[in-house]
Amino acid sequence: MTETKHTDRRHPLRDSRVDRDTAQHIPDTPQTRSPSYKLAFNDNDFMFRDELRPVRLQLELLKPEILMEEFGVESTIVLFGGARIPAPDKKDTAKTKTLAELSKYYDEAREFSRIMTARNNGHKDNIIVTGGGPGVMEAGNRGARDAGGISIGLNIVLPHEQAPNEYVTPELCFNFHYFAIRKMHFLMRAKAIVVFPGGFGTLDEMFESLTLIQTGRMNRVPFLLFGKAFWQNIINWEALAEAGTISPKDLELFKFVETAEEAVRAIDEWPNQGPREEIDGREA
């Protein structure tokens, strides 16, 4: 069997892909039929064992990292938001009056992504990244497509069937098993975080990101919440500060905006980026 040549290899050792292919043509014997004889990296039953969870976590971190690096992605603009928010032309299908009213943010997300994508002048920085699903996520990827640019979708396997939206750049469309690793990829290249109205998933992503910035585990970046009335209705931010569970200065970590244009200006004018050196209200 002729071995496949890989001119970009960094070592002279035999290629694992060649051994994988060679192992498919070995003699059929009781020994070779035994599961123990399968190459470990080509044995799905072995890879799915509970003991292999650390390896699967590592693979899920590595695959998007390697492919995005090969594609040239340098930095991202993170867009979080609800999957149930419809486009304005479909707001009649919304299950509640509030969801129908929130459909305006679909257009704002789409326009924001279009502006930010057009501003990167074809470079591979400040790339829009969403969860790859419907609703506001679709609007974000769609806006990048409107500008003729690329965008990233970080999908996740859910009990109900979910396919990535059609506007994600196919080569930058990823699927995850682990929520934690997915959230790492949202933030590893983030130059700004923009959050639209949403449900549990959006709240989870928003608060984890804010916590990382609040505690100094992540640099301060522009952090924008679209829809002041929505966010103030569901979260009593001032009560947290008054209770002392957060510092009043923690309320300066984010800003409310209403329109795409306002969001772009806020990003351009954002103060205090970089490491957060002082964390008020915490014992040393």
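Begin by selecting helix H12, residues 260-268, whose buried residues pack against helix H6 (104-119), strand S5 (190-195), strand S6 (223-226) and strand S7 (255-257). With the side chains of H12 displayed, pick out Ala260, Ala263, Val264, Ala266 and Ile267, which are the buried ones. Looking down the helix, you will find that they cover an arc of only 160° around the axis, which puts them on the same side of H12.

Before moving on, keep in mind that this is a predicted model, and zoom out to the whole chain. The protein chain has 12 helices and 7 strands, and its C-alpha trace spans about 70 × 55 × 40 Å along the principal axes. Of its 284 residues, 40% count as buried, while the chain as a whole exposes about 17,000 Å², of which carbon and sulfur atoms supply 51%. If you draw the contacts with a separation of 6 or more, residues 24 or more positions apart account for 66% of them.

Next, select strand S2, residues 127-130. Which way do its side chains point? Ile127 and Val129 point one way from the strand, whereas Ile128 and Thr130 point the other way, and all of them are buried. In a regular strand the side chains alternate between the two faces of the sheet.

Now add the strands that pair with S2. Strand S1 (residues 76-80) runs parallel to S2 and is joined to it by 3 bridges, and strand S3 (residues 151-156) likewise runs parallel to S2, with 3 bridges joining the two. Centre the view on Val129, since this residue can be followed in both directions: Val78 stands opposite Val129, and in S3 the bridge partner of Val129 is Ile152. To get from S2 to S3 the chain passes through helix H7 (residues 136-146), in a β-α-β crossover that is right-handed.

Stay with H7 and colour its buried residues, which are Val136, Met137, Ala139, Gly140, Asn141, Gly143 and Ala144. What covers these residues includes S1, H6, S2 and S3, so that the two strands joined by the crossover are among the cover. Just after the helix, stop at Gly148, which takes a positive phi of about 75°.

From H7, use Asn141 as the starting point for a distance to Glu166: the two are 25 residues apart in sequence and 8.5 Å apart in space, C-alpha to C-alpha. Glu166 lies in the loop between S3 and S4. Is Glu166 buried or exposed? Its relative accessibility is 62%, and because exposed means over 50%, Glu166 counts as exposed.

For the last stop, select helix H4, residues 53-71. This helix has 19 residues and reaches 28 Å from its first C-alpha to its last, close to the 27 Å expected at 1.5 Å a residue. Which residues of H4 are buried? They are Arg56, Glu60, Pro64 and Met68, and seen down the axis of H4 they fall within an arc of 90°, so they line one face of the helix. On the other side of H4, Pro54, Glu69 and Glu70 are exposed.

Finally, show what lies over the buried residues of H4: the cover includes helix H3 (44-47), S3, strand S4 (173-176) and helix H8 (179-187). The tour can end at Gly72, which follows H4 and has a positive phi, near 100°.

How values were computed: Residues numbered from 1 in each chain as written. Predicted model: local features only at pLDDT ≥ 70, side-chain atom pairs only at ≥ 80, totals over all residues. Heavy atoms only, no water. Buried < 20%, exposed > 50% of the residue type's maximum accessible area, 1.4 Å probe, protein only. Helix = DSSP H or I, 4+ residues; strand = E, 2+ residues; numbered from the N terminus. Pairing = 2+ DSSP bridges. Right-handed = clockwise from strand over helix to strand, strands pointing away. Expected span 1.5 Å × (residues − 1). Arc of directions from axis to C-beta. Contact = heavy atoms within 4.5 Å. Areas by Shrake-Rupley, 256 points an atom, 1.4 Å probe, with all protein chains shown as cover.
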